[in-house]
Amino acid sequence: MNLTVLAASGRTGLAITRQALRRGHTVTAIARDPGRITVPGSAGLRKVSGDVSDPASIAAVVDADSVVLSALGTDQAGVLLAGAEAVAAAGPRRIIWLGAYGTGKSADVAGESADVLGKLLGDRLADKVEADNTVLAAGGTVFHAGALSDEPESPTRRTVGLEAGPPFDLGAKVSRDTVAAAMLDEAETPRFPGTVALPLSG
């Protein structure tokens, strides 16, 4: 497949890019500074400059045949919604978006323990929720992951729908490689279009 990875220079974006190439896909990797995409060059990899604050730069890369996997994250409110709107406006075939478990659509199933996220995220919480809703309205899949770690991909990993969501536990981490694998599975074989999926370690 031809995949487009947004925020490819971050740790999760790098994991998605590396795994996609290992699976034999071609990858267009987008970052504000493509020089920070520390994946060795190959025939299947194209590194390009793009910034979600400049929708034209996203539209120049994303088209109707694109399958976009986003690892966009930020400490600044407004960036995620800008990214979701820029990607959705570009009209890709599919969007697979990374969000946070215990926010928005997964808040109820995560339970009262997830209330701590409101304090941790502050004004970024609403930004996350609005970005997720923009992607869902475009028919995309949003992956709500717990706290991320740099551990290897879990050999017992699984992906479930909201109805099987566990209680929120801030200490229950999921590795970036596990999340990347789940997102790529969804790109290859769509199971959760238009809804939220949960990547779990086991």
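Reader: What makes strand β5 and strand β6 a pair in this model, and in which sense do they run?

Author: Strands β5 (residues 94-100) and β6 (residues 141-145) are joined by five bridges and run in the parallel sense, and the count satisfies the criterion because two strands pair if DSSP finds at least two bridges between them. Within this pairing, Trp-97 stands opposite Val-142 in β6. The strands themselves are DSSP runs (E, at least two residues), as helices are (H or I, at least four residues), and both are numbered from the N terminus. The model is predicted, with local features needing pLDDT of at least 70 and side-chain atom pairs pLDDT 80 or more, while totals for chains, interfaces and linings use all residues. Residues are numbered from 1 along each chain as its sequence is written, and side-chain values use heavy atoms, with hydrogens and water left out.

Reader: Which strands count as the edge strands, and what makes them so?

Author: The sheet is open and has eight strands in the order β3-β2-β1-β4-β5-β6-β10-β8, with mixed pairing. Its edge strands are β3 (45-49) and β8 (158-161), each of which pairs on one side only.

Reader: How do you know that β10 is largely enclosed by the rest of the structure?

Author: Five of the five residues of β10 are buried, so this strand is largely enclosed, where buried means under 20% relative accessible area, exposed means over 50% and partly exposed lies in between, for a 1.4 Å probe and protein chains only. Both faces are covered, with Val-196, Leu-198 and Leu-200 buried on one side and Ala-197 and Pro-199 buried on the other. On the β6 side, two bridges join β6 to β10 in a parallel arrangement, and Ala-197 is the bridge partner of Phe-143. On the β8 side, four bridges join β8 to β10 and the two strands run antiparallel, with Pro-199 as the bridge partner of Thr-159.

Reader: Is Phe-143 called buried or exposed, and why?

Author: Phe-143, which lies in strand β6, has a relative accessible area of 0% and is therefore buried. Its contacts, counted as heavy atoms within 4.5 Å, include Trp-97, Leu-98, Thr-159, Met-183, Ala-197 and Pro-199, not counting residues up to four places away in sequence.

Reader: Why is the packing of α1 on α7 called oblique or roughly parallel, whichever applies?

Author: Helices α1 (residues 11-22) and α7 (residues 176-188) pack at an angle of about 55°, with their axes 9 Å apart. That angle makes α1 oblique to α7, since angles under 35 degrees count as roughly parallel, over 145 as roughly antiparallel, 65 to 115 as roughly perpendicular and the rest as oblique. The axes are lines fitted to C-alpha atoms, for helices over the stretch in contact, and angles run from 0 to 180 degrees between N-to-C directions. The residues that meet include Ala-15, Ile-16 and Gln-19 in α1 and Ala-180, Met-183 and Leu-184 in α7.

Reader: How do you know how α3 and α6 lie to each other?

Author: Helices α3 (residues 79-90) and α6 (residues 124-137) pack at about 10°, with their axes 7 Å apart, and they are therefore roughly parallel to each other. By class, their contact has seven nonpolar, one polar and four charged residues, where Ala, Val, Leu, Ile, Met, Phe, Trp, Tyr, Cys and Pro count as nonpolar, Asp, Glu, Lys and Arg as charged, and the others, Gly among them, as polar.
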